[in-house]
Amino acid sequence: MEGVTKEYQKAKADTLHLYYFYQSLTSLYVAKQDYKKAYESGMTLADLRQWLKAKRQTQDSKLQMVQLEAKLNLENKETEIALLAEQKKNNNCY
């Protein structure tokens, strides 16, 4: 419990550390047969798991948007190059 307290005292708590602290706490409480505390830490663990999943989805979405934007920019530049090449070809014919 000391690790959890120290983590919460930080200016910005590390969620991954908290996740592993609560995971260990839940296992310890179950081993000690303190099911009330095991349930409470398990609920906190579930909340952290849900938050981490949402954050991961957000990061994956941002990455996917950046990749799509880069692909679109590349296609636009390739189209522009093709048009300029066609214009140059047409100018050379005259």
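**Thr-26 and the buried face of helix 2**

In this predicted model, Thr-26 sits in helix 2, which covers residues 15-31. The helix makes a good place to begin. Its 17 residues should span 24 Å at 1.5 Å a residue, and the end C-alpha atoms are indeed 24 Å apart, so expectation and model agree.

Thr-26 has a relative accessible area of 16%, and because buried means under 20%, this residue counts as buried. Its company within the helix is Thr-15, Leu-18, Tyr-19, Tyr-22, Leu-25 and Tyr-29, which are also buried. Viewed down the axis of helix 2, the buried residues fall within an arc of 130 degrees and therefore line one face of the helix. Leu-28 and Ala-31, on the other side of helix 2, are exposed. After the helix comes Gln-33, with a positive phi near 60 degrees.

The side chain of Thr-26 has polar partners. One of its polar atoms lies 2.7 Å from the backbone oxygen of Tyr-22, and a polar contact of 2.9 Å links the side chain to that of Ser-41. Leaving aside residues up to four places away in sequence, Thr-26 touches Ala-38, Ser-41, Gly-42 and Leu-45. On the same basis, Leu-45 touches Tyr-19, Tyr-22 and Gln-23 as well as Thr-26.

Leu-45 and Ala-38 also belong to the largest nonpolar core, a set of nine residues that further includes Leu-18, Tyr-19, Tyr-22, Leu-25, Tyr-29, Leu-48 and Leu-52. Helix 2 and helix 3 (35-93) each supply at least two residues of this core, with helix 2 giving the most, five residues.

Key: Residues are numbered from 1 along each chain as its sequence is written. This is a predicted model: local features need pLDDT of at least 70, side-chain atom pairs count only at pLDDT 80 or more; totals for chains, interfaces and linings use all residues. Side-chain values use heavy atoms; hydrogens and water are left out. Helices (H or I, at least four residues) and strands (E, at least two) are DSSP runs, numbered from the N terminus. Buried means under 20% relative accessible area, exposed over 50%, partly exposed in between (1.4 Å probe, protein chains only). A polar contact is a pair of N or O atoms within 3.5 Å; within protein, one must be able to donate a hydrogen and the other to accept it, and residues adjacent in sequence count only if both atoms are side-chain atoms. Contact means heavy atoms within 4.5 Å. A nonpolar core is a set of buried Ala, Val, Leu, Ile, Met, Phe, Trp, Tyr and Cys residues joined through side-chain atoms within 4.5 Å. The expected span of a helix is 1.5 Å times one less than its number of residues. The arc is that of the directions from the helix axis to the C-beta atoms.
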